[in-house]
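Visitor: Could you take me closely through one part of this model, the place where two helices cross, and then set it in its surroundings?

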Amino acid sequence: MSASPNPLLKIENLSAKVGGKNVVQGLSLTLKAGEVHAIMGPNGSGKSTLAYVLAGRPGYEITGGSVEFLGKDLLAMPAEERARAGMFLGFQYPVEIPGVNNVYLLKAAVNAKRKAAGLPEVDAYEFLQLVRGKMKLMQMDESFLSRGVNEGFSGGEKKRNEILQMLVLEPTLAVLDETDSGLDIDALKVVARGVNSLRSAERGVLLITHYQRLLDHIVPDHVHVLTRGKIVRSGDKTLAQELEKRGYDWVLEVA
Amino acid sequence: MVTLPTNRDENWRYANLRPLAKARIDAVAANTSSNPAIALPAPLPKYEQWVFVDGRFAANLSHPAPNSYASLLNARDAGEEFAAMLDAAIATEGPDFALARVNGARGDAVLHIAPPDGAEALIEVTFVASAEASAGTSYPRVQVHAGRGSHVRVVERHISTGGADSMVNAAFDLALRADATLDHCRLQNAGDRASSFDTLTAHVGERASYRLRTVTLGGLSSRSTILVKLAGRAARCEFHAASIANGTQTHDMFAEITHAAPDTVTRELYRGIATDRGKLGFNGKMVVRESAPGADSEQSLKTLLTGAGAEASVRPQLEIYTDRVRAQHGATTGKLDDQMLFYLLSRGIDRRQAQTLLQWAFIEDAISRVDCAELRVEIEQLVAAQLNEVSALEGLLGP
């Protein structure tokens with residue numbers, strides 16, 4: 001693989017605190033266009049913190065290092081600008097927002113992105129057609145569109161809805177935080193199909209997961225093991241399989 | 001001479017009573033002009049329209065139905081009718097009734113709505129305040145006597161013209177006979193300087209259902225006193241109230257619902273948003289008498305503060321004198337949910353729009369039960385305007 005001069009995401013020696021605790025400690029990672037990276041690690045290793053720091057959630061103090069997204073200083077951008085620039089966070093626990101319906105959120109999000117790119121608002125009819133197509137792929141009933149965002153959705157429905165939003169927004173970089181947790185095998189396949197449909201030479205995906213089973217369906221180019229806030233080991237997809245066999249203790253020992 | 005309530009009175013602590021002290025207590029003189037230049041809201045289809053300007057009937061702006069169940073009565077006749085209607089008199093002593101008594105003494109004609117047994121009526125009543133408070137007070141008065149099994153829908157609006165610092169003191173007396181249903185929707189959308197006071201009593205008979213939806217948006221000072229008595233077995237009251245106080249507005253409400261008969265049901269929901277230096281008060285009192293075993297009462301009161309100087313006082317009160325009762329009560333005052341906000345921001349939606357959306361989502365609970373589609377759309381538009389973000393909510397509004 002030839003080295004691209006401009007990676008999508010370049011994290012250098014990143015450290016972050018939350019609630020006074022150092023959770024990310026000197027993490028470095030480079031993700032190029034077209035690549036899927038998986039970050040695996042035990043509970044409390046800093047996986048979700050990394051996802052939130054990348055998406056710009058308040059409450060996280062950056063104590064060192066830098067993050068470049070498409071050559072720009074990501075950490076200097078507010079959350080909404082990061083999204084408009086092509087970053088997407090699939091939440092581990094998507095929040096319910098009764099009173100704001102799904103189709104409204106999708107449209108507002110798409111239009112916010114288009115506006116930032118100097119494009120006119122999306123045509124209502126074409127938009128609905130597009131969303132319907134993506135919903136079919138995600139095996140979601142159309143009635144979800146008129147319901148409140150994630151309102152009364154099961155755990156699996158919430159995760160599908162995250163992927164649906166991702167497919168409609170077509171991000172340059174998707175950060176998916178434990179999108180597989182709480183999914184049965186059928187739902188896992190649907191979610192994987194959604195993610196795979198987005199893979200292309202221009203996009204990148206950062207999959208954060210605790211278990212290897214998601215990686216049977218979304219095959220990563222690189223696998224990193226995160227413990228105590230830093231990457232202790234990187235490899236290809238076989239690393240995930242080895243982890244599955246030998247457990248995280250093995251990596252901790254080696255580290 | 002009636003003693004007006006003050007902030008020292010138990011149920012009046014959060015009301016802004018300053019305009020009341022300054023206003024002239026006499027009724028505004030009859031407007032002899034033809035009431036030009038009053039912009040009325042679009043009439044609701046199928047509803048008959050009754051319009052009052054400064055508390056007086058405006059025939060030229062009204063469109064009563066032929067053979068209407070509504071009519072104008074003088075105050076004395078209306079009082080007799082009402083007393084004859086009730087199985088038990090509603091107490092009318094104390095500061096909570098002081099304004100209603102002033103209304104009774106100073107007011108002009110009473111709009112009397114009395115559908116007979118089994119009848120249906122759709123009535124839209126609009127009260128326009130046009131005079132300054134220094135010229136006097138408006139005294140609208142409405143009585144509804146719903147016959148057995150009748151179904152009445154009353155849409156009540158309050159508006160003001162020309163930025164007047166008008167003073168309105170309205171009184172409503174409602175009585176529902178057995179199996180009657182009254183859908184009552186009140187929209188208070190007076191101007192920024194207006195003051196709006198009202199007293200409402202409702203007497204709900206056996207298996208009758210009183211559904212009150214109120215939306216309070218306007219006025220410098222707005223105060224509603226709502227006293228509902230569930231007098232007959234299995235009588236029911238649903239009360240959904242929405243309020244948005246901006247700038248230096250004060251919206252205060254006192255609602256006392258008394259379960260006086262077995263198996264009576266209350267569903268009360270209040271959602272209030274205070275922005276800037278707005279103030280909200282909601283005092284929701286539920287009384288379950290010894291005579292009301294099997295009573296079922298739910299109350300959900302929530303306020304959202306989005307301004308640095310905004311204040312809210314939400315006060316649930318429960319008085320229960322029987323063991324056999326089901327009561328669920330909750331009250332919260334909070335700020336916008338950070339997790340919801342971040343979720344919207346993470347989708348690229350700008351901060352201001354995201355905040356407006358969340359306010360909308362919060363208040364929507366209280367207005368979603370308005371079942372007249374035309375009115376619902378109008379209310380949603382007005383709520384969006386009150387949140388100063390019509391454009392942000394485009395696509396959420398409408399049927």
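Guide: Axes here are lines fitted to C-alpha atoms, for helices over the stretch in contact, and angles run from 0 to 180 degrees between N-to-C directions. In this predicted model, the axes of helix H4 (residues 124-137) of chain A and helix H5 (residues 155-169) of chain A come within 10 Å and cross at roughly 135 degrees. Angles over 145 degrees count as roughly antiparallel and those from 65 to 115 as roughly perpendicular, and the crossing angle therefore makes H4(A) oblique to H5(A). H4(A) passes H5(A) in a right-handed crossing, with Leu130(A), Val131(A), Lys134(A) and Met135(A) of H4(A) meeting Leu164(A), Leu167(A) and Val168(A) of H5(A). The residues of this contact comprise six nonpolar and one charged, with no polar residue.

Turning to the sheet of the same chain, one finds an open arrangement of six strands in the order S6-S9-S10-S3-S11-S12 (chain A), with mixed pairing. Its edge strands are S6 (87-90) and S12 (230-235) of chain A, each of which pairs on one side only, and the twist averages 20 degrees from one strand to the next. Within this sheet, strand S3 (residues 36-40) of chain A runs parallel to strand S11 (residues 222-227) of chain A, the two being joined by four bridges, and Ala38(A) stands opposite Val223(A) in S11(A). Helix H8 (residues 237-246) of chain A lies across S3, S11 and S12 of chain A, where H8(A) runs at about 45 degrees to S11(A).

Notes:
Residues numbered from 1 in each chain as written. Chains lettered and ligands numbered in written order. Predicted model: local features only at pLDDT ≥ 70, side-chain atom pairs only at ≥ 80, totals over all residues. Parallel < 35°, antiparallel > 145°, perpendicular 65-115°, else oblique. Left-handed = near helix turned anticlockwise from the far one by under 90°. Contact = placed C-beta atoms within 7 Å. Nonpolar A, V, L, I, M, F, W, Y, C, P; charged D, E, K, R; others polar. Pairing = 2+ DSSP bridges.
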